[in-house]
Amino acid sequence: MAIITISRGSYSMGKAVAEKVAEKLEYCILSRDLLINASASFHIPQKKLEKAIHDAPGVFEQYSHTKEVYLAYIRSTLTEMVAGGNIVYHGLAGHLLLNRLPHVLKVRITANLESRIARKMKEGFSEHKARTMIIEDDGQRTKWTQKIYHADPNDSSLYDMVICIDKLSIEDAVSFICQSASKKTFESTSDRIRQAKDLSLACKAKASMIESFPEVGITCEYGNLLVYASEKEAHMAKFKKILDAFQKENVGIHNLEVHTGLPVPANAV
Amino acid sequence: MEQLTPDMILVMVMIGIAIFLFIVEWVRVDVVAILMMVCLPLLHLVTPKEAFVGLSSNAVVSIIAVIIIGAGLDKTGMINKLVKPVLAVAGTSTSRIIVAISFTVAIISSFMQNIGAAALFLPAIQRISKVQKIPLSRLLMPVGFSAILGGTITLVGCSPLILLNDLLLPFHLEPFGLFDVTPIGLALVASGILCFIFLGKFILPQGNTSENQDNPQTCVSPYEQGAEGQCTYELSTADDFMDYRDIVRVGDLHRRYLVNILALTEPPDVKTLSPSPDTEIRSGVDLVVWGDKKNVERMAAEEEMQVKAAIECYDKEFDTAHSGIVEAVISPRSPFTGRSLGKNNFNDRFRVTPLSVHRQEDVFLARLDDIILQTGDVISFYGTWKRLEALHQEGGLLFSLPSDLEDMRPEKALWAGGWLALSLLMIMGFDIQLSVALMTGALGMVLTKVLSIDEAYQSVDWRTIFLLAGLIPLGIATQKTGTAAWIANSILHIIGNVQPIVLLTVIGILSTLFTLVISNVGATVLLVPLVVNMALAAHTDPRMAALVVGLATSNSFVLPTHQVNALYMGPGRYRTIDFLRAGSLVSILFLVVMITMIYLFYGV
């Protein structure tokens, strides 16, 4: 009943590994569906969402917050889709977007550069072009992770397991992952399912507020939603209106409070 | 017109800095005043002696004495004792109760600090609201406004009026007597009260009957509904409670279900009231919780607890004679303000359980420990009366207890009243200077042990003292350098000749606006030299111009920025819009009544 995220570089065979893991464990597999669902829920073109989760933020991002808004939408959709467990997500940034959940098995699949280039060349690209494209793609991923999460995607401490598909085969990787997923640490207990639901609720609330109030922080525990905002924000009619509407639309909220003048806690989204 | 000199420019820059700092509040207002006290002599705008003359001024000494006299009266419990006869006179009619309480508060406020009178009366008003079943929101605003208006009845009623004579000294104008302002003050109080009596329905939030239960300053008995629909419930844990789950602590249950554990049985059979958040919940034990029914039921279902039909094991402990729930208001200058509820450690120090915090229209139940307390916040506490008494004695919280547990000195009431009367007699009958007469009263209270000298020192609000003393040199610099005259002449040059009554009205409006954004003392110090110069140039009575400033700086009702309004906002569950609605009307009325009275009594 685990949640497995498989992070991968392009042409690292991560997709094949994810599909086989899902097949073996009889889990659902999730990748592009995330963006399709997010696009449908928040009425944002899929292309824009894809850019937000892939391309590093530009110089104007600090003024517009567009990427931050789209990421909140993607995160909200992802947390909702994985809340029930039994899922393998092999899209972008899963290990970061779900980093608050304790029972997520975070896997990184890598492969050596030459074999990745060789795979790319099979699509009809020259060696030079294939190399450039893969290096550029890796660069974008590194920049994205550094700018958004201040982390290096190649830092192995971000993952529970890093497997290099080189000497080890896809089958080996699948076997390791399935074995790890059955460990007690990744079991979806009722408490962990609750935590996933709480995170989903907090992310959903954040998604509803982020466009107008990007600075608010939200935590959720046992359905008790806590919004951290400034005094000024909390007294704005729009702020109250958004929260009222959110509370009406979501039945799982037991209590909703707005705390002002306090630092946003580290576990807030 | 006189030439603008570098000194005048410097003074205007300093005034600008002071106003800016008052508005943005980067530092506290008293620190701004001390900044002025230090910078002005450094810039050679006043002499070192003039810089600190405020500390020995008549105004500062008078205010120290007024605060000590007020504290002495408070210590005797005299003021609380006034409530009973006042209520007897008022009967059961809401209007009569509002008139009686408001007028009493106004009279008391005319001899002590407004905020002191307001704070002193808060528990009594809460009690009246509960007993007479009048929503607190209908009582508090009229009473709070009356406390502010009462400050205009005598020259010692509020800081701006105390300061007035000192500010008139450089102009060699005749000082005002203690009761010179009384007709105007009484008219202002009467108009304020009448406004609420006749228009209260339209301008005050009406509240409802359940609001009466918002103030369980005495006790919410078991299974009786509390503040926001919360009740007390007794539950028991299953015999295998600890067998198949991680350790559950008192704090965990509050975090998860927003219910407060008021009592818990600990092995072998120890009943603990207000257990600490770290206490473990064991198998097969009884516990009493306070919370929303739906949350208690959710907890019982998820943690497999049994909700009992009534308080059974803890019936003695939860008897109203033994323990209860009180609503305590954070008082002005409380040591608890500015610190989080968790850091104030109420549970560890006093063994009482904080249940919720009310701030304006918000109710906080979750993560109470993180909430930084502010003046006017209302905290609901559960505890035994003995422990609540200990908390009460710590000071800083305003609440009343059902029994006579308070540390009052009623036997000293006659002495306290006598010293106040003597002070007044010295001022009125023997024309002795205000500060000397009032300090005599204050000293008398200490000598006759109405309060100890340490209690007297502790009661003095040093922020007010330094605010007054620090701004006085700014007034001196404004006058001495000719800045006040220059600004006054420039304004008059622009507006031309105006009728005295029009000029006074404009001064009144200007002072009202100033007091909304900067402190009333700051507004008085800055405006008095200016308006006196303007009045002299416009051939209007300069004393009246100064008096308008002294009075209109109390016209602070539109926003809950005045200390009294801030204090009453939480317990009254008022919103800013409530102050805007009622305050705007009272502010306009204030200006009309003040100008009319000055016109009628002083013939301007």
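**A tour of chain B**

Start in strand β4 of chain B, where W290(B) is the bridge partner of T232(B). The model on screen is predicted, and every stop below can be reached by selecting residue numbers.

**Stop 1: strand β4 and its partners**

Select residues 286–292 of chain B, which make up β4(B). Of these 7 residues, 5 are buried, so the strand is largely enclosed by the rest of the structure. The cut-off behind that word is 20 or more other C-beta atoms within 10 Å of the residue's own.

Now add residues 230–237 of chain B, strand β1. β1(B) and β4(B) pair in the antiparallel sense, over 7 bridges. The T232(B)–W290(B) pair you began with belongs to this part of the tour.

Next add residues 260–266 of chain B, strand β2. β2(B) also runs antiparallel to β4(B), and 4 bridges join them. To see where the two strands face each other, pick A263(B), which stands opposite V288(B) of β4(B).

**Stop 2: the whole sheet**

In what order do the strands of this open sheet lie? Across its 5 strands the order is β3-β2-β4-β1-β5 of chain B, with antiparallel pairing. Select 270–273 for β3(B) and 305–307 for β5(B) to show the edge strands, each of which pairs on one side only. From one strand to the next, the twist averages 25 degrees.

At the β5(B) edge, 3 bridges join β5(B) to β1(B), and the two run antiparallel. Pick T237(B) and M305(B) here: T237(B) stands opposite M305(B) in β5(B).

Then select residues 293–302 of chain B, helix α12, which packs on the sheet and touches β1, β4 and β5 of chain B. The direction of α12(B) makes about 140 degrees with that of β4(B).

**Stop 3: two crossing helices**

Hide the sheet and select residues 500–517 and 576–602 of chain B, helices α21 and α25. Their axes come within 10 Å and cross at roughly 145 degrees. Is the crossing of α21(B) and α25(B) left-handed or right-handed? The crossing is right-handed.

To display the contact, show side chains in both helices. On α21(B) the residues are I501(B), L504(B), T505(B), G508(B), I509(B) and T512(B). On α25(B) they are S587(B), L591(B), M594(B), I595(B), I598(B) and Y599(B). By class, this contact has 8 nonpolar and 4 polar residues, with no charged ones.

**Stop 4: W415(B)**

Select W415(B), which lies in helix α16 of chain B, residues 413–429. Is W415(B) buried or partly exposed? With 18 other C-beta atoms within 10 Å, W415(B) is partly exposed, because a buried residue needs 20 or more.

Leaving aside neighbours within four places in sequence, W415(B) is in contact with T448(B) and V450(B). Add G444(B) as well: W415(B) and G444(B) are 29 residues apart in sequence, and their C-alpha atoms are 8.4 Å apart.

**Stop 5: the side facing chain A**

Bring chain A back into view. The contact between the chains takes 13 residues from chain B and 11 from chain A. On the chain B side, α11 (250–257) and β8 (362–364) each supply at least two residues. The largest share, 3 residues, comes from α11(B). By class, the chain B side has 7 nonpolar, 1 polar and 5 charged residues.

**Last stop: chain B as a whole**

Zoom out to chain B, which has 25 helices and 10 strands. Of its 604 residues, 52% count as buried. Among contacts in chain B between residues at least 6 apart in sequence, 80% join residues at least 24 apart.

Technical notes: Residues numbered from 1 in each chain as written. Chains lettered and ligands numbered in written order. Predicted model: local features only at pLDDT ≥ 70, side-chain atom pairs only at ≥ 80, totals over all residues. Buried ≥ 20, exposed ≤ 12 C-beta atoms within 10 Å, placed from the backbone. Pairing = 2+ DSSP bridges. Axes fitted to C-alpha atoms, helices over the stretch in contact; angles between N-to-C directions. Left-handed = near helix turned anticlockwise from the far one by under 90°. Contact = placed C-beta atoms within 7 Å. Nonpolar A, V, L, I, M, F, W, Y, C, P; charged D, E, K, R; others polar.
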